[in-house]
Amino acid sequence: MRKIVRLALALAVVALPAIGVAGASAQDGAALEAEVADAVAQLTETYGANDIEGYFALYAPDLTWWGPSGRWDKAKYLAYWTEYIESTGGLSSAENSDMQIAVAPGGDLAVASYILSVSRANPGEAVPTVTYQMSPTLVKRDGSWTIVHLHFQIVPEPEE
Amino acid sequence: MRRVLRGRNLHWLIVAAFFVAACGGSEPAPEPVAEEPMPTVEDEVRERVMEFVSAYGSNDVEGYIGAFAADGTQWWPGRRQTRDGYHELWSGVVDGGGGLTEANISDLQIHTSPAGDGAVTSYLLKVKRITDDPERVDATYQMSATWFKRDGEWSIAHFHYNPVTDAN
């Protein structure tokens with residue numbers, strides 16, 4: 001009986017560090033997801049506030065981009081968005097919903113997918129609100145999350 | 001033993017050693033073997049994308065759908081999709097005599113993570129569908145797939161595509 005108890009204790013001693021590591025990993029994963037969620041929230045906040053500098057600071061210089069007009073890069077997007085805000089007043093609001101985040105095992109690449117709903121400040125003849133399906137992929141460089149790829153599209157009208 | 005290596009025996013041993021050395025020396029030096037460069041993470045991901053697209057274009061349903069992580073997310077035009085939902089849908093298409101005759105990739109761009117177990121790929125995909133409707137044969141898509149390497153295997157953690165239309 002003593003042998004069995006000793007064996008059980010020995011197994012528990014061996015297993016405890018592994019359980020601890022698994023628990024720590026789950027905590028790390030949650031913390032990383034929270035970091036990514038913060039970065040994406042900041043993206044939408046600066047976007048909706050027409051804060052060009054703050055918004056574009058979240059994009060990597062080597063950004064790749066799939067949008068309604070095909071491939072763009074950071075420079076082209078910056079030029080377009082700056083001109084848009086100057087000529088129209090930009091947006092009056094921007095909100096995220098249905099957020100889903102996944103972080104790679106190494107903890108330095110993540111992808112977020114969500115719905116982004118925006119209202120134009122001065123829509124004129126354009127539609128006042130637009131809804132997008134968003135997929136930014138972020139990489140952690142020098143301790144900060146930066147967007148290396150963005151794929152977005154306007155939510156299409158449901159097919160009849 | 002000492003006695004054996006004296007005299008004639010020793011003489012012949014020296015001659016034989018000289019002969020072997022001379023023969024060996026007369027052979028051309030072996031060419032240095034060029035070592036294959038180690039594949040980079042980007043190489044691994046590119047190869048995986050090519051396999052993925054090849055499986056799609058050849059209507060290999062299991063090979064294609066097997067690239068998607070079970071817990072992965074997908075954005076399809078206007079809605080979310082799951083791996084199981086896609087599996088059911090694509091199996092039905094292929095089993096019903098549909099599918100593709102071609103799938104060609106272009107403009108592939110890849111970012112990899114510093115840790116080497118994450119990547120995002122974006123590319124243009126042109127396909128030819130098996131259909132009786134000639135207007136539906138050709139289609140072009142903007143594609144983005146984010147890949148994670150888990151237990152040594154790359155799989156798609158998130159997938160986003162939209163068709164390229166005149167409205168784009």
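The following conversation asks how several descriptions of this predicted two-chain model are justified.

Student: How do you know that Asp84(B) is exposed?

Tutor: Asp84(B), which is found in helix H4 of chain B, has 11 other C-beta atoms within 10 Å. A residue counts as exposed when that number is 12 or fewer, so Asp84(B) is classed as exposed. In space, its C-alpha lies 8.7 Å from that of Ile65(B), although the two residues are 19 apart in sequence.

Student: How do you know that the span of helix H3 of chain A agrees with its number of residues?

Tutor: Helix H3 of chain A covers residues 74-88, which is 15 residues, and at 1.5 Å a residue, counting one less than the number of residues, it should span 21 Å. The C-alpha atoms at its ends are 21 Å apart, so the expected and the computed spans agree. Just after this helix, Gly89(A) takes a positive phi of about 90°.

Student: What makes S3(B) and S4(B) a pair of strands?

Tutor: Two strands pair if at least two bridges are found between them, and ten bridges join S3(B) to S4(B), so these strands, which run antiparallel, count as a pair. One of the bridges sets Ile110(B) against Thr121(B) in S4(B). The hairpin of these two strands has five residues between them, and there Gly116(B) takes a positive phi near 85°.

Student: How many bridges join S4(B) to S5(B), and what stands opposite Thr121(B) in S5(B)?

Tutor: Eleven bridges join S4(B) to S5(B), and these strands also run antiparallel. Opposite Thr121(B) in S5(B) stands Ala145(B). In general, strands of a sheet pair through backbone hydrogen bonds, either parallel or antiparallel.

Student: Why are S2 and S3 of chain B said to stand at the edges of the sheet?

Tutor: The sheet of chain B is open, with six strands in the order S2-S1-S6-S5-S4-S3 and mixed pairing. Strand S2 (79-81) and S3 each have a single partner strand, so one side of each is left without a neighbour in the sheet. From one strand to the next, the twist averages 20°. At the S2 end, S1(B) and S2(B) pair in the antiparallel sense over three bridges, and Trp75(B) has Arg80(B) in S2(B) as its bridge partner.

Student: Which helices pack on this sheet of chain B?

Tutor: Helix H2 (residues 41-57) of chain B touches S3, S4, S5 and S6, with a direction that makes about 160° with that of S3(B). Helix H4 (residues 83-95) of chain B touches S1 and S2, and its direction makes about 75° with that of S1(B).

Student: What makes S2 and S3 the edge strands in chain A?

Tutor: In chain A, six strands form an open sheet of mixed pairing in the order S2-S1-S6-S5-S4-S3. Strand S2 (70-72) and strand S3 (91-103) of chain A each pair on one side only, and this is what marks them as edge strands. Strand S1 (residues 59-67) of chain A pairs with S2(A) in the antiparallel sense over three bridges, where the partner of Trp66(A) is Arg71(A) in S2(A). H3(A) packs on the sheet, touching S1, S2 and S4 of chain A, and its direction makes about 75° with that of S1(A).

Student: What makes up the side of chain B that touches chain A?

Tutor: In this interface, 25 residues of chain B are in contact with 27 residues of chain A. The elements of chain B that give two or more residues to its side are strands S1 (68-76), S3 (100-112), S4 (118-129), S5 (138-150) and S6 (153-163). S5(B) supplies the largest share, five residues. By class, the residues of this side divide into seven nonpolar, 15 polar and three charged.

Student: Which residues of the largest nonpolar core touch the most other members?

Tutor: Of its 48 residues, these are Val36(A), Ala110(A), Ala112(A), Leu138(A), Trp147(B) and Ile156(B). Strand S4 (residues 109-120) of chain A gives the most to this core, with six residues. Leaving aside neighbours within four places in sequence, Trp147(B) has contacts that include Val45(B), Thr121(B), Trp154(B) and Ile156(B). In soluble globular proteins, nonpolar side chains tend to be buried together.

Methods
Residues are numbered from 1 along each chain as its sequence is written. Chains are lettered from A and ligands numbered from 1 in the order in which they are written. This is a predicted model: local features need pLDDT of at least 70, side-chain atom pairs count only at pLDDT 80 or more; totals for chains, interfaces and linings use all residues. Helices (H or I, at least four residues) and strands (E, at least two) are DSSP runs, numbered from the N terminus. Two residues are in contact if their C-beta atoms, placed from the backbone, lie within 7 Å. Ala, Val, Leu, Ile, Met, Phe, Trp, Tyr, Cys and Pro count as nonpolar, Asp, Glu, Lys and Arg as charged, and the others, Gly among them, as polar. Axes are lines fitted to C-alpha atoms, for helices over the stretch in contact, and angles run from 0 to 180 degrees between N-to-C directions. A nonpolar core is a set of buried Ala, Val, Leu, Ile, Met, Phe, Trp, Tyr and Cys residues joined through C-beta atoms within 7 Å. A residue is buried if 20 or more other C-beta atoms lie within 10 Å of its own, exposed if 12 or fewer, and partly exposed in between; C-beta atoms are placed from the backbone.
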